[in-house]
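Me: I've got a model open and I'd like to go through its pockets, cavities and surface. Can you tell me what earns each label?

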Amino acid sequence: MQVPFLSLRDITAKYAGELHQAVLRVTDSGWYLQGNENKVFEENYAKYIGTKYCVGVANGLQALELMIRACKILYGWNDGDEVIVQANTYIATILSISQNNLKPVLLDPNPETLELDPESIEKAITSKTRGVMLVHLYGRCLYNEKIAGICKNHNLKLFEDNAQAHGCAYKGKKTGSFGTVAAHSFYPGKNLGAFGDAGAVTTDDEEIAKLVRVLGNYGSSKKYVFDYIGENSRLDEMSAAVLDVKLRHLDDDNNRRKEIAKMYYDGIKNSAIKMPSVLPKENNVFHIFPVFTKKRDELQNYLKEKEIGTIIHYPIPPHKQAAYKEWNNLTFPVTEKIHAEELSLPMSPTLTNEQVKFVIDCINGW
C-alpha cells in the first residue's frame, strides 16, 4: 500500500469545483493584484483568527520580516536589539530577525513539551531585549499566560510565527491573535495552503497593519510617493481567491488531522519511538506528526521500502548552518537532539483510515 507524506493533488481535488469557480472568477475579472479577492480574504481571515486586521503578503518569510520591521520603525528599535526565539525552528524565523539587523537570542525548548519555558525566557532578557517570538511549531500552540505576563512586565512585544498552526487555539482563542502581531505562511503544504507562495500578517494594532501594507508596497502609501525603503510583497488575487475557498474547509480538515493523530497516539506501541506530549484537543492542529527515535535514518529507510512517505523537519538546526557560521560552535543540546531524531509521519486530511493503520502496523513491526 502506498502512503504519500502529503498529496496536494488529493487535497485540491476535494474542493475542485469551488476552486475552479474561484480561478475563473479571477481570470474573468481582469484584475490580478490588490483587488476585491484580497479584500474579501483579508476580512474573512482576520475574522477567523480573531484580529481586527489582516494584511496579505507574498510569502511567510516576508510576513515575518515585515511585521518585525514595522515594529522596529514604530518603536524606534536600534540595530543589534534582541528578539528571543526558540533554537529548534525553521530558518525563516531566524532570518526574519537577523535581516532586520536585530539579534536572535536562541533558547532550547523544553524536551517534553517542545515549548519555551517561561523561566528560560526570563533569564535571557537583557536591556536590549525588545520581543519574544513564539513559533507554533508542528501545529502546537506555544502560548501561555506566563509568557504573556513576562512580555507585559518587561514591555516586550510578543510575536507569533503561525506558519504551521492555522486554526490552532488556546482556550477558544486562535493562535495568531495572542501577540502584538503574527505572521502566517500559506505555502502549499500548510494546513491552509495556496497554489504557490503566499502569506499574511494579523494584528489588532492599526498602525502596525498600515505600516506592513506600506512596507510591502515598495514603502509607498500613495502612488509614486515612497516614505520608507520597502519591498514588493503583495498577495496576488488568485492566491487570495484560492485561500478563501480553502479557509471555509479549514476546521473540517483540521478535525480530520486530529482524528489521524489520535490513531497514531493510540496505535503506535514501539518502545523505540517517542511521540510529543499530548495537548488538549484544540491546542494542536497537527500540521505534521513528528516522532523521535535514535535510529531515525534507519526508520525512514524502512518506511520508504514499505512505500510510506516521510520528511525530516529539520535535519540541520539554524545554529549549525553555514549561513550562521558565527554560531556553529554554540551548543543547544535539546535542539540538536530534536533535529537528529525527528521524523514526520504522513499527515493529511485526505489519508484514509486504512493508510493510517498500515503506517501504524509497519512502525510497530520495525
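Reply: Happy to. This is a predicted model, and the largest pocket has a lining of 35 residues, with Y90, Q164, Y187, K190 and Y314 lying nearest its centre.

Me: What makes a residue part of the lining of the largest pocket?

Reply: Lining residues need an atom within 4 Å of a point of the pocket, and 35 residues make that cut here. Helix 4 (60-75), helix 5 (91-98) and strand 8 (181-185) each give at least two of them. Helix 5 has the largest share, with 4 residues.

Me: How much space is in there, and what classes of residue line the largest pocket?

Reply: The space comes to about 670 Å³. The lining splits into 20 nonpolar, 11 polar and 4 charged residues.

Me: And the second largest pocket, what lies closest to its centre?

Reply: That pocket holds about 240 Å³. Its lining has 13 residues, and Q34, N217, S220, K222 and K223 are the closest to the centre. Helix 8 (206-215) and strand 10 each contribute two or more residues. By class, the count is 4 nonpolar, 4 polar and 5 charged.

Me: Why is a space called a cavity and not a pocket?

Reply: In a cavity a 1.4 Å probe fits but cannot get out, whereas a pocket is an open set. The structure has 2 cavities of 30 Å³ or more. The largest cavity has a volume of about 90 Å³, so it passes that 30 Å³ mark. The second largest cavity, at about 40 Å³, passes too, therefore both count.

Me: Which residues line the largest cavity?

Reply: Among them are L8, I11, P188, K190, H249, D253, R257 and P349. Helix 1 (8-14) and helix 10 (250-267) each give two or more residues, and helix 10 has the largest share, with 3. The lining is made up of 5 nonpolar, 3 polar and 4 charged residues.

Me: What lines the second largest cavity?

Reply: Its lining includes Y138, R140, Y265, N284 and F286. The classes there are 7 nonpolar, 1 polar and 1 charged.

Me: Now the surface. Why does Y224 count as exposed?

Reply: Exposed means over 50% relative accessible area. Y224 has 68% relative accessibility, so it counts as exposed. You'll find Y224 in the loop between strand 10 (220-222) and strand 11 (225-226).

Me: What makes Y224 part of a nonpolar patch?

Reply: A patch residue needs over 30% relative accessible area, and Y224 clears that at 68%. Y224 forms the patch with Y218 and F226, and together they have about 410 Å² of accessible area.

Conventions:
Residues are numbered from 1 along each chain as its sequence is written. This is a predicted model: local features need pLDDT of at least 70, side-chain atom pairs count only at pLDDT 80 or more; totals for chains, interfaces and linings use all residues. Side-chain values use heavy atoms; hydrogens and water are left out. Patches are made of residues with over 30% relative accessible area and no salt bridge: like charges are joined within 9 Å, nonpolar side chains (Val, Leu, Ile, Met, Phe, Trp, Tyr) within 5 Å. Accessible areas come from the Shrake-Rupley method with a 1.4 Å probe; for residues, only the protein chains shown count as cover. A salt bridge is a side-chain nitrogen of Lys or Arg within 4 Å of a carboxyl oxygen of Asp or Glu. Buried means under 20% relative accessible area, exposed over 50%, partly exposed in between (1.4 Å probe, protein chains only). On a 1 Å grid over the protein atoms alone, a cavity is a set of points where a 1.4 Å probe fits but cannot get out, and a pocket is an open set with protein on both sides within 12 Å along at least five of seven lines; lining residues have an atom within 4 Å of a point. Grid points are joined across faces, edges and corners, and a volume is the space filled by probe spheres set on the points. Ala, Val, Leu, Ile, Met, Phe, Trp, Tyr, Cys and Pro count as nonpolar, Asp, Glu, Lys and Arg as charged, and the others, Gly among them, as polar.
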